[in-house]
Amino acid sequence: LGYGGVEAANGARNAMMIAAQTHKQLKEAKEGSSSGVVAASMPPAVMTATASNYANQLTNSIPASPTLDLLLTQSLSDHADPSSTLGFLTCTLNSTNQILHPCILVALFGDDPTNNDDDGTITWNPIKEGTPLPRFYADGAAKPLAGQLITSIAGGEMYFVIDAMERLLSPRGYDPLTALHGGEPVGRRLMNFLGNSPHELGERSGLTGVAMRREWESLFGKDGGDEKVAGGAGGSSGNENEDDDVGNTEGLIHRENMLAKFMSYGLSHNSRLNAVLSPCIIDESSKSNEDGTIRIKPNTTTRFFTDDTQHGMCIYLGLAELLGFDLERDMKQTLYVVRRLQKWMNKEFVLPESNATGKANGNRKIVSSAKDVAETSAPQAFGIHSIQELKQFLRLDVFGEMQQVRTEGRLGRSGLVSRL
């Protein structure tokens, strides 16, 4: 709030408490209570105060209380959930379309061994296939790669981020992010039954513990005490190679192959989505082929690209970078999908693989150092490079309101307080 804001809040708080005291005295006098006998014979304390002791009453009679200051100048929802995990992060991190669409695009347009340029161009024969263009779900999701990518990202890498963010930001005792994981109840129950919930994957991978330990060390240093935090993280362990045993490893997701097949089959046989065509651009020169085969490539101006890539998957990668994850190891499939799509879009939302590895690149961050990161919704696009900065950002009022000014205005409109 700053010095002026706290001072104003103190005045408003004291004014309200004095108003309450006055109201109590007047009520007791009216009802004729035992204590009101004395009260009835004398005016309320506020009315008997001189200018000097009234000012002293406002500023010094009640010690300043940061808790009361905040209660008077912020809504209760902001106190319960200061980092907006309930209203913002839950929706942002549990949206499934931002995972489905990019994975299907890569499976459909990136699996042509004859395309040496890797611009997403594939061949399609409308006569043989029976549709003018590939069906996005019926043809794209039917490819095994689509189910594999969706399962490894939506049921693994995405959960690493969700669990760590929830432990660091959500109100203690609540699980707002993981309560809606998976996007729909059937898949959520199946993942929980198989032991693949975000909490379980975060614990098995060890990434949540690493994120919490690193955040502890960033706040208090490696010698900040002997306290332990959940997930096995604590102060300095003295083991520089402790992170070697954690991360996204093969076999971490229980029944991963089975889940990938179910995912591919379910999406490709969904009658509601069966007729949706893929966003394509047809190479006009290929229409003259005698056998009817045409060349098509993805239309990168559609929302499957512009929404789900930089405003979906890039958010996960940006948060993972804030958490201290090794993106090449822990978010490898998400990174793979974004790199394929950004190449077709002629963008650089994350560093290409050739620029992100090697000793010459030093400590370059895969998300922060990308040329076009400002076009994404990753935290780094807003100048956020730590969990503490993210917390501060999420506390901002989206309407730009000044809560203490609004509170003082409401108090001023009170007939009782306005006379004080």
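This report describes the nonpolar core, the cysteines, a nonpolar surface patch and the salt bridges of a predicted model.

## The nonpolar core

The largest nonpolar core of the structure is made up of 76 residues, and those with the most contacts inside it are Val161, Met165, Leu323 and Phe325. Helix α11, which covers residues 144-169, gives the most to this core, contributing 13 residues.

Phe325 can serve as a place to start looking at the surroundings of one core residue. Leaving aside residues up to four places away in sequence, Phe325 touches Phe160, Val161, Ala164, Leu207, Ala211, Arg214, Ala320 and Asp330.

## Cysteines

A search of the whole structure finds zero disulfides. Two cysteines can be described by their accessibility: Cys91 is exposed, with a relative accessible area of 54%, whereas Cys314 has a relative accessibility of 3% and therefore counts as buried, the limit being under 20%.

## A nonpolar surface patch

On the surface, Leu190, Phe193, Met258 and Phe262 make a nonpolar patch of about 430 Å². The elements that give two or more residues to this patch are α12, spanning 185-193, and α15, spanning 256-268.

Met258, one of the patch residues, lies in helix α15. Met258 counts as partly exposed because its relative accessibility is 31%, which falls between the limits of 20% and 50%.

## Salt bridges

Side chains of opposite charge can pair when their charged atoms come close. In this model, a search of the whole structure finds eight salt bridges, and three of these pairs are described here, beginning with Asp139 and Arg135, whose closest N and O atoms are 3.3 Å apart. Arg135 counts as partly exposed, at 25% relative accessibility.

A salt bridge also joins Asp283 to Arg295, with the closest N and O atoms 2.8 Å apart. This pair links distant parts of the chain, since Asp283 lies in the loop between β2 (280-282) and β3 (294-298), while Arg295 is in strand β3, twelve residues apart. Asp283 is partly exposed, with a relative accessible area of 29%, and Arg295 is likewise partly exposed, with a value of 34%. In the salt bridge between Arg339 and Glu328, the closest N and O atoms are 2.9 Å apart. Here too the pair links distant parts of the chain, with Arg339 in helix α19 (residues 332-345) and Glu328 in helix α18 (residues 327-330), eleven residues apart. Arg339 counts as buried at 14% relative accessibility, whereas Glu328 is partly exposed, with a relative accessible area of 28%.

Definitions and conventions
Residues numbered from 1 in each chain as written. Predicted model: local features only at pLDDT ≥ 70, side-chain atom pairs only at ≥ 80, totals over all residues. Heavy atoms only, no water. Core = buried A, V, L, I, M, F, W, Y, C linked by side-chain atoms within 4.5 Å. Buried < 20%, exposed > 50% of the residue type's maximum accessible area, 1.4 Å probe, protein only. Helix = DSSP H or I, 4+ residues; strand = E, 2+ residues; numbered from the N terminus. Contact = heavy atoms within 4.5 Å. Disulfide = S-S within 2.5 Å. Patch = residues over 30% accessible without salt bridge, like charges linked within 9 Å, V, L, I, M, F, W, Y side chains within 5 Å. Areas by Shrake-Rupley, 256 points an atom, 1.4 Å probe, with all protein chains shown as cover. Salt bridge = Lys/Arg side-chain N within 4 Å of Asp/Glu carboxyl O.
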